[in-house]
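Please open the model in a viewer and keep the selection panel at hand. The tour proceeds from one selection to the next.

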Amino acid sequence: MRALPLLAVLLAAAPTIASAQPDPREMLAKADRNDDGVVERAEAASMRGEMFDRLDRRDRGYLVISAAPRKMKARGEQMRALLVAADADRNGKVTRQEFQSAPMPAFDRADANRDGRIDSKELAALKAR
């Protein structure tokens, strides 16, 4: 499983998706909304919601799965995989709620003690991988 590249897609800002792959540790640090050195699952979901808003350029309230590879180019397949996983009702469209509620395997992998938070020790372990 490509958990770290998927983390890049999940947490990166839309303009950086087409560029070189960002450092997952930096993206986790950006997800730390209250700047307490810990990334909570809710913070990661919040950042994902902001990403949805950037991707929903037509303000339709949903993203179309089949359009992802063409729009996202270099990261298209990763984005398509995220959208497929997020499409809970399997209708080919992903709502903001589905996008925010989608599984976060990279977050789960980094959250070694499974407490719903990624602390500095877990972030350091991620760096070492």
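Buried means under 20% relative accessible area, exposed over 50%, and partly exposed in between (1.4 Å probe, protein chains only). The model is predicted, so local features need pLDDT of at least 70 and side-chain atom pairs count only at pLDDT 80 or more, whereas totals for chains, interfaces and linings use all residues. Residues are numbered from 1 along each chain as its sequence is written, and side-chain values use heavy atoms, with hydrogens and water left out.

Select Phe52 and Phe99 first; both are buried. A search of the whole structure finds one aromatic pair (ring centres of Phe, Tyr or the six-membered ring of Trp within 6.5 Å; planes under 30 degrees apart are stacked, over 60 edge-to-face, the rest tilted). Phe52 and Phe99 form this pair, which is tilted, with 5.7 Å between centres and 50° between planes. Phe52 belongs to helix α4 (residues 41-55) and Phe99 to helix α7 (residues 96-101), 47 residues apart; helices are DSSP runs of H or I with at least four residues, numbered from the N terminus.

Add Arg48 next: its charged end sits over the ring of Phe99, 5.9 Å from the centre. The criterion is NZ of Lys or CZ of Arg within 6 Å of the ring centre and within 35 degrees of the ring normal. Elsewhere, select Lys93, which lies over the face of Tyr62 at 4.5 Å from the ring centre.

Finally, display the largest nonpolar core (buried Ala, Val, Leu, Ile, Met, Phe, Trp, Tyr and Cys joined through side-chain atoms within 4.5 Å). This core has 12 residues, including Phe52, Leu63 and Phe99. Helix α6 (76-86) gives the most to this core, with four residues.

Technical notes
Helices (H or I, at least four residues) and strands (E, at least two) are DSSP runs, numbered from the N terminus.
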